[in-house]
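Got a protein model open and not sure where to look? Let's walk through this one together, a piece at a time.

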Amino acid sequence: MADSTSLHPCEALAARIGADKVLLPGSTGYDASLSSYFSPQAAAVRPTCFVTPQTATDVSDVVKLLTSSDNGGPYDFAVRAGGHTWFANANSAPGGITIDLRGLNSVDLSADKSSVSIGAGATWDAVYGKLDPLGLSVAGGRVAGVGVGGLTLGGGISYFGPREGWTCNQVTSFEVVLADGSVVEADERQNADLWWGLRGGSNNFGIVTRIILTTFEQGLLWSALTLNPVTEVDRQARIYAELMAAENYDENASFLTGWAFASQQGLSVTLNQLVYTRPVADETPAIYNPILDLPAIRNASATTVIANMSTLAQNSVALQRPQAARYMTATVTFVPTEAMIRATYDAFDASLSLLQGVAGLMWAVNLEPLPPQIYTRGGADANALGLAEQSGSLVVCLVSPSWSDTAHDEQVYEAARSLMADVEDRAKKLGVYHPYIYLDYAAPWQAVIQGYGEESVKKLQKLRKRVDPGHVFTRKVTGGFKIPDEC
Ligand SMILES: Cc1cc2nc3c(=O)[nH]c(=O)nc-3n(C[C@H](O)[C@H](O)[C@H](O)COP(=O)(O)OP(=O)(O)OC[C@H]3O[C@@H](n4cnc5c(N)ncnc54)[C@H](O)[C@@H]3O)c2cc1C
């Protein structure tokens, strides 16, 4: 093996783990890596090289080399799994080294079929592809291409959330490479503090190489998408608030409601994405009847699909293809009362005035349910999200616009920021605001970890002190949402 001392870090990495695993600018592999990001903004970041480990040992070698001072380091680096975070730096290091985990993509079912061991760089469609034929599933992402690593470490909202809990709560074990290059297991018995902290702690503690998730038996799911006129917003708000009430919530229902404005049509519509995880033969689940009774522009019968997760995940990709448009997300959390849902629509409608002239705009606001069941499944205090005390329903309000021209980036970011501030303000006035910010949907300006609450932040800081005393994953992995410094 070549002596790596005084080599450029990418050359030193090639010497350490093999030249075929280091992709340099100008190579086909480098370009393919860039084109595999979801958003054009993330794809525009040019790292010095991509390094593509194939095993946990490779990851350990890479971390040791990048954090050592022997070769002019330590170096800035980024960690990337499915590459679906939209903003620059979260999953790619400008002028640094991006560790692309997509080679860690194994999906292995346990002998008794009760769990599945997944490489952190695998995508959810690959997991469903293995489990669907066996009548099994996991509480994972809803869209093909999204990475297991990023989604799980941020929490994870799935169709099964109300029944099974957060994706992260379904993790029985993480394999992690720490800042000193050691490869450790984090589960209920070993490194239990790390097992807890990785459930919401994202890339703050190490590089997760393998995730073991609990499986459950699962048949086909019922799904439909309705478009309604926004003139029905009062009834929509009443129906949604009623169904979200803790005492009414049906744990098989995943009901997303919201509004979208398309500049091409110059029109706002109401969108209801209805999924039921236990279809009753091919009938419409009764819980959705009130919303299906509303006057519709496109009704459920035109869009009803009864299918497995693989099909639903592929169908969802068709709604927005990777890099088809510029993209962003930001989020806020509140209690879904009728008045607040109505107020969110008013904020959405008012925000349209900030978006004049944005070409190819699709301005979408969605409410995603966090019913009480999601907090308790897999252990209420089993994650860092700070929601253990929550007894009623919350919703995550997501703004997720797409548009066509770079020239309008700042206008759209500013409009999203202003809309989220307006929704937050209205929620505070109605007494329904919650400080939790869902990491997987957050914008870079949002203080996500602080939103987990003081107690959680203190525990995360203590954990960081133990597993990463040099703060490598805070200071050298600068992208993503960071644990604040201790006072
Ligand atoms: C089209 C689309 C559909 C989506 N659907 C859902 C959904 O159904 N449910 C939901 O909850 N969210 C969903 N999201 C949000 C999604 O969960 C986040 O974008 C998430 O970050 C994606 O994970 P990833 O691995 O693809 O992303 P990446 O951008 O690769 O990673 C996200 C962050 O996690 C860190 N990270 C990733 N892997 C590791 C690892 N192994 N070790 C340490 N750090 C790591 C990265 O450094 C980065 O900061 C969706 C997003 C999009 C764009």
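What follows is a tour of confidence, helices and a few loops.

First, keep in mind that this is a predicted model. How much confidence does the predictor have in the chain? The average pLDDT is 95, and 98% of the residues score at least 70. The start of the chain is another story: over residues 1-5, pLDDT stays under 50. The model has nine contacts beyond four places in sequence for that stretch. Where pLDDT is low, the predicted coordinates should not be read in detail.

Now find helix 4, which covers residues 56-67. Its twelve residues should span 16 Å at 1.5 Å a residue, and the end C-alpha atoms are indeed 16 Å apart, so the two values agree. Which residues of helix 4 are buried? Asp58, Val59, Ser60, Asp61, Val62, Val63, Leu65 and Leu66 are.

Helix 4 also has a partner. Two packed helices are described by the angle between their axes and the distance between the axes. Here the partner is helix 1 (residues 9-17), and the two axes come within 10 Å, crossing at roughly 145°. The crossing is right-handed. On the helix 1 side, Pro9, Ala12, Leu13, Arg16 and Ile17 make the contact, while helix 4 brings Asp58, Asp61, Val62, Leu65 and Leu66. Sort these contact residues by character and you get seven nonpolar, three charged and no polar.

Jump along the chain to helix 12, residues 338-351. This helix has 14 residues and reaches 20 Å from its first C-alpha to its last, close to the 20 Å expected. Its buried residues are Met340, Ile341, Ala343, Thr344, Tyr345, Ala347, Phe348 and Ser351. What do they pack against? Two helices are on the list, helix 9 (233-244) and helix 14 (409-429), along with strand 13 (253-262), strand 17 (330-334), strand 18 (362-370) and strand 19 (394-399).

Time for the backbone oddities. Most residues other than glycine have a negative phi, and most peptide bonds are trans. In the loop between helix 4 and strand 3 you'll find Pro74, and a cis peptide bond joins Gly73 to it, with omega about 0°. In the loop between strand 3 and strand 4 sits Asn89, which has a positive phi of about 90° although it is not a glycine. Ser202, in the loop between helix 8 (192-197) and strand 10 (207-214), also has a positive phi, near 50°.

Are these two residues buried or exposed? Ser202 counts as buried because it has 30 C-beta neighbours inside 10 Å. Asn89 has 19 other C-beta atoms within 10 Å, so it is partly exposed.

Last, two spots with fewer surroundings to explore. Gly95 is in the loop between strand 3 (77-80) and strand 4 (97-100), and it is exposed because just 10 other C-beta atoms lie within 10 Å. How far is Gly95 from Thr172? They are 77 residues apart in sequence and 36 Å apart in space, C-alpha to C-alpha. Thr231, in the loop between strand 12 (221-229) and helix 9, is exposed too, with 10 other C-beta atoms within 10 Å. Thr231 and Gly431 are 200 residues apart in sequence, and 26 Å separates their C-alpha atoms in space.

Notes
Residues numbered from 1 in each chain as written. Predicted model: local features only at pLDDT ≥ 70, side-chain atom pairs only at ≥ 80, totals over all residues. Axes fitted to C-alpha atoms, helices over the stretch in contact; angles between N-to-C directions. Helix = DSSP H or I, 4+ residues; strand = E, 2+ residues; numbered from the N terminus. Left-handed = near helix turned anticlockwise from the far one by under 90°. Contact = placed C-beta atoms within 7 Å. Nonpolar A, V, L, I, M, F, W, Y, C, P; charged D, E, K, R; others polar. pLDDT = per-residue confidence, 0-100. Expected span 1.5 Å × (residues − 1). Buried ≥ 20, exposed ≤ 12 C-beta atoms within 10 Å, placed from the backbone.
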